[in-house]
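Hi,

Here is the structure I promised to pass on. Have a look at it first, and my notes follow below.

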Protein chains: 2
Amino acid sequence: MAATGAPPLVLRTAGRLRGPSLRRFPSVIDTRRATATVLEISPPSPAAAGFDLETYMAARGRRVEEALEAAVPLLPPAKIHSAMRYSLLAGGKRVRPILTLAASELVGGGEAAVMPFACAVEMIHTMSLVHDDLPCVDDGHHRRGRPANHRVFGDAAAVLAGDALIFLAFEHIAARTAGDVPPERILRAVAELAAAAGSGGMIAGQIVDLDSERKEVGREVLEYIHVQKTARLIEAAAVAGAIVGGGNDGEVERIKRYARCVGLLFQVVDDVLDATRTAEELGKTAGRDLTVGKATYPKLLGMAGSREFACQLVKRSEEELAGFDAERAAPLYHLARFVACREH
Amino acid sequence: MAATGAPPLVLRTAGRLRGPSLRRFPSVIDTRRATATVLEISPPSPAAAGFDLETYMAARGRRVEEALEAAVPLLPPAKIHSAMRYSLLAGGKRVRPILTLAASELVGGGEAAVMPFACAVEMIHTMSLVHDDLPCVDDGHHRRGRPANHRVFGDAAAVLAGDALIFLAFEHIAARTAGDVPPERILRAVAELAAAAGSGGMIAGQIVDLDSERKEVGREVLEYIHVQKTARLIEAAAVAGAIVGGGNDGEVERIKRYARCVGLLFQVVDDVLDATRTAEELGKTAGRDLTVGKATYPKLLGMAGSREFACQLVKRSEEELAGFDAERAAPLYHLARFVACREH
């Protein structure tokens, strides 16, 4: 394994780094230029260079938090709503809902109209974590720095809370999407979101992932797992934003391809961080994915190969944005770099 | 308990019984007229008397089966789709989707337009059974005469198959509802269905039910559990049909109240059958609900009181149908009687 000894970075950005958003992630923006595994993302284009991602994400993240908080009031029965709130309001970067808002903005959509979709995407993402952590699935004990849902509320409540989050996602979309969004757009986005999350998407990735534990899998299966398990929902987050925001077919298609790259990037970076971080923290054992024999990019491509792949994904995501006005595309442009350079 | 020694019937229908639908359920149409616990439902009204429920249900049930079969093709990954199909296509009376079709018909809607909703309701109902049977929830071993889903596919796959059925339900509605149904109607019905199934509906009932095991609960809590756990989804099945079929607000409201009665009736009959059947079959021990200390109607009202209540519910359901043309209302009229007189 290439994990041990590799620097704890995925990618670095060449050129001037603007705003504290990137400076806050020092370990992935490697300041040691020496190693051969450092790959450079091209400097931001002039139009995007003045954009401050941290301010952008903080403002939208705050509104997403407010909307999520309001979406799950602590009504009776208290237990189910507490369990839902526990995981849904546990923080996190809210990258998916922010992608939804940013994609809508890019095609000229308003934020209020698309917020129910942004919330729905986060509900579905959260639900997948709650069910993934169940003892009978992936047996996760901690999530977002807190005990996993089932360890606080019990397995039965965790099953039901996950289910309830899915129903809430669709109820929220159907009941709350602002009246001025044409309902056929809402239905089209519902179909995209449900397909991306279901047995032909996220859940397909989860089941193949579970089945591939302790097996040798090739790059094709690995890519399938990651595209399905992670990228599809991220893609749907952006696509729903683009559809509800009123994008034309060409715009929706480009945003979809952009988001597919970002989704895969998410997983490559996850894999690299998991291998690196754990190797560093524990000194001797590799990350959990490696110990349970799960397919990962570092295992298959090595650390250098994984970084190279991540670099390509950033580039491809930027190519998809090239057809849009550069200033309006700046949030998505920087979001891809944020995903590449994040450290957790 | 009043269970032992009580005749194995819930209700009997006075007057001429038409069609083999009722004759096929001999044990609930008690032929021994002697006991004081036999309660009579009034004879069918003249307009409804010529209606043959069995033919009606067989025809619609067949088309529901075909639609469900087509909704979950055996695509890869085979495991998740096999698990979904195993439970979804395991038979059953399909009372919920037939209610959806019948409610739509009553207000003049076409069958094709509402079929995706009928399928979605059955997917959600099936999913609730799959998750309910999980060892960490209610630990059911058998369902519809076959081993429970998790006993065939494993717990993790059963969790994921249940999740996937929810996503499929909403994808199916959004992608398949016929183009001539106004999309705002579809959204309204989606909101009803999702709310009925979620943490303010079916799942609320499930969590309170789990929490009330081995506790003494009063009639209010019992009614809450049953309204939420069983009646809400049955209500939503009918309401979705009425909305998509184009019913006006008054019609939707009356069909909703009708279905609430039928939903409760479903549960009362379930409870009575569970207590009676098990007492008969095992000779000494009461039904499973009683052994795990769950609240049931026979426990709370006694067998005679439960039958009396069921009788009232049939009557109330019929009152809600009185405002409709009697001939068009015949299917819903007889469906309520079918639910009252079923034996499994």
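Which hand does the crossing of α10(A) and α11(A) have, left or right? That crossing is left-handed, meaning that the near helix is turned anticlockwise from the far one by less than a right angle, with clockwise being right-handed.

Before the rest, some housekeeping. This is a predicted model, with local features needing pLDDT of at least 70 and side-chain atom pairs counting only at pLDDT 80 or more, while totals for chains, interfaces and linings use all residues. Residues are numbered from 1 along each chain as its sequence is written, chains are lettered from A and ligands numbered from 1 in the order in which they are written, and side-chain values use heavy atoms, with hydrogens and water left out.

On confidence, chain A averages a pLDDT (the predictor's confidence in each residue, from 0 to 100) of 85, and 82% of its residues score at least 70. The pLDDT is below 50 over residues 1–9 of chain A, a stretch that has 27 contacts in the model beyond near neighbours in sequence (contact means heavy atoms within 4.5 Å). Residues 282–287 of chain A are also below 50, with eight such contacts.

Back to the helices (DSSP runs of H or I, at least four residues, numbered from the N terminus). Helix α10 of chain A, residues 202–211, packs on α11(A) at about 140°, with the axes 7 Å apart; axes are lines fitted to C-alpha atoms over the stretch in contact, and angles run from 0 to 180 degrees between N-to-C directions. The two are therefore oblique to each other (not under 35 degrees, over 145, or 65 to 115). Among the residues making this contact are M202(A) and V208(A) of α10(A), and Y224(A) and L233(A) of α11(A).

Helix α5 (residues 95–106) of chain A packs on α11 (residues 219–244) of chain A at about 30°, with axes 6 Å apart, in a right-handed crossing. L99(A) and A103(A) of α5(A) take part, as do L233(A) and A237(A) of α11(A), among others.

Now the two copies. A turn of 180° and a shift of 0.0 Å along the axis lays chain B on chain A with an RMSD of 0.0 Å (least squares on C-alpha atoms of residues with pLDDT of at least 70 in both). The copies are thus related as by a two-fold rotation axis. In chain B, P183(B) has the C-alpha nearest that axis, 2.8 Å from it. Also, 100% of chain B's interface residues are interface residues in chain A too, so the copies meet through the same surface.

Cheers
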